[in-house]
Amino acid sequence: MSTLVVGSRASHLARAQVREFLAPLRERFPGVVFRHQVILEGGDQDRRAALSQVSVRSGGSAFSTNQEAALVVGEVDVIVHSLKDLPTTSPPGLVLLPPPGREDVRDALCGSTLAGLPQGARIGTGAARRIAQLLHVRPDLVPVPIRGNVPPRLNKLKTMSLDAVVLAAAGLKRLSLDDAIGELLPIEQFPPSPGQGALGIQIREDNDLARKILSTAGDLVVEAEVRAERAMLAELHGGCSVPIGAYGKVDGDVLTLYGQVTSLDGKRQVDARLSGSLGEPEKLGVQVARLLLAQGVEGILAEVRPTATV
């Protein structure tokens with residue numbers, strides 16, 4: 001009987017994502033034992049410091065460095081990431097497989113609706129993109145930095161006297177916390193982080209058994225969408241700490257990508273949209289990034305890039 005060791009972060013959401021990913025595989029491959037192994041990351045151990053600082057101390061990424069190291073040395077056979085937290089380049093010898101579908105890509109406002117927020121409302125979020133997008137729509141809002149797992153961040157509505165918090169709808173739904181959603185923010189104004197809602201399934205390039213088994217769970221349409229989003233992010237030299245939103249959508253053989261960059265104070269916002277071939281997602285991502293650069297987003301990104309790392 002073959003065994004595959006599946007690594008992930010320790011959070012409730014990470015465990016839920018592993019269960020979601022493995023459930024159909026366990027039915028499809030009864031002769032394979034899937035064993036889950038938790039790996040602590042710098043971002044899990046330090047909830048106070050800025051993510052950019054944690055990333056530097058972690059050697060690259062606050063949410064993936066230790067997992068990727070365990071994968072490289074063979075401690076685990078596969079890592080199940082939240083794709084939005086994963087750098088756009090993999091370490092040598094590691095590859096991403098097509099993700100198994102995608103949960104709701106939108107951001108969720110919890111505790112209120114956007115229109116229902118009072119003037120000067122305190123909004124909990126530590127994400128530069130979310131802060132920038134919120135301030136662009138409502139300059140009166142007061143962002144309050146929060147970090148941590150999903151349930152504790154929801155609880156900060158009470159413990160920190162916040163009017164609302166912003167979380168990924170995907171995480172709330174995977175944890176059956178849908179009832180906490182006050183409003184799903186419109187994707188046209190609030191495009192998500194590249195890859196949001198999708199899982200990043202990472203294996204060693206030479207692990208033929210893992211590739212053979214895990215590739216059966218992949219969704220090639222979702223793969224095209226997230227590859228375009230991540231290619232745009234890579235071309236902009238961005239990471240998860242920069243105010244970049246992207247959303248790819250397939251319709252037949254056509255892939256459309258929408259990209260957006262917003263200044264941290266919300267005063268300037270630039271967007272671009274382009275359609276292309278489903279078979280060339282990276283090409284489309286680069287093209288949309290260049291449309292954004294032609295409109296001057298480099299100046300916006302330069303304000304955060306010196307301290308922003310994934």
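**Salt bridges in the predicted model**

Asp104 is buried in this predicted model, its relative accessible area being 12%, and its side chain takes part in a salt bridge with Lys173 in which the closest N and O atoms are 2.8 Å apart. The two residues belong to distant parts of the chain, with Asp104 in the loop between strand 4 and strand 5 and Lys173 in helix 7 (residues 169-174), 69 residues apart. Unlike the buried Asp104, Lys173 is partly exposed, with a relative accessible area of 26%.

The loop between strand 4 (94-97) and strand 5 (107-110) also holds Arg102, whose side chain meets that of Glu229 in a salt bridge with an N to O distance of 2.9 Å. Because Glu229 lies in helix 9 (residues 220-235), this pair ties together parts that are 127 residues apart in sequence. Glu229 has a relative accessibility of 0% and therefore counts as buried, the cut-off being under 20%.

A further salt bridge involves strand 5 itself, where Asp107 is located, and joins the side chain of this residue to that of Arg130 at 2.9 Å, N to O. Arg130 lies in helix 5 (residues 128-137), so that the pair links distant parts of the chain, 23 residues apart. Both partners are buried, Arg130 with a relative accessible area of 7% and Asp107 at 1% relative accessibility.

Salt bridges with shared partners also join Arg9, Lys84 and Asp85 into one network. In total, the structure holds 15 salt bridges.

Technical notes. Residues are numbered from 1 along each chain as its sequence is written. This is a predicted model: local features need pLDDT of at least 70, side-chain atom pairs count only at pLDDT 80 or more; totals for chains, interfaces and linings use all residues. Side-chain values use heavy atoms; hydrogens and water are left out. A salt bridge is a side-chain nitrogen of Lys or Arg within 4 Å of a carboxyl oxygen of Asp or Glu. Helices (H or I, at least four residues) and strands (E, at least two) are DSSP runs, numbered from the N terminus. Buried means under 20% relative accessible area, exposed over 50%, partly exposed in between (1.4 Å probe, protein chains only).
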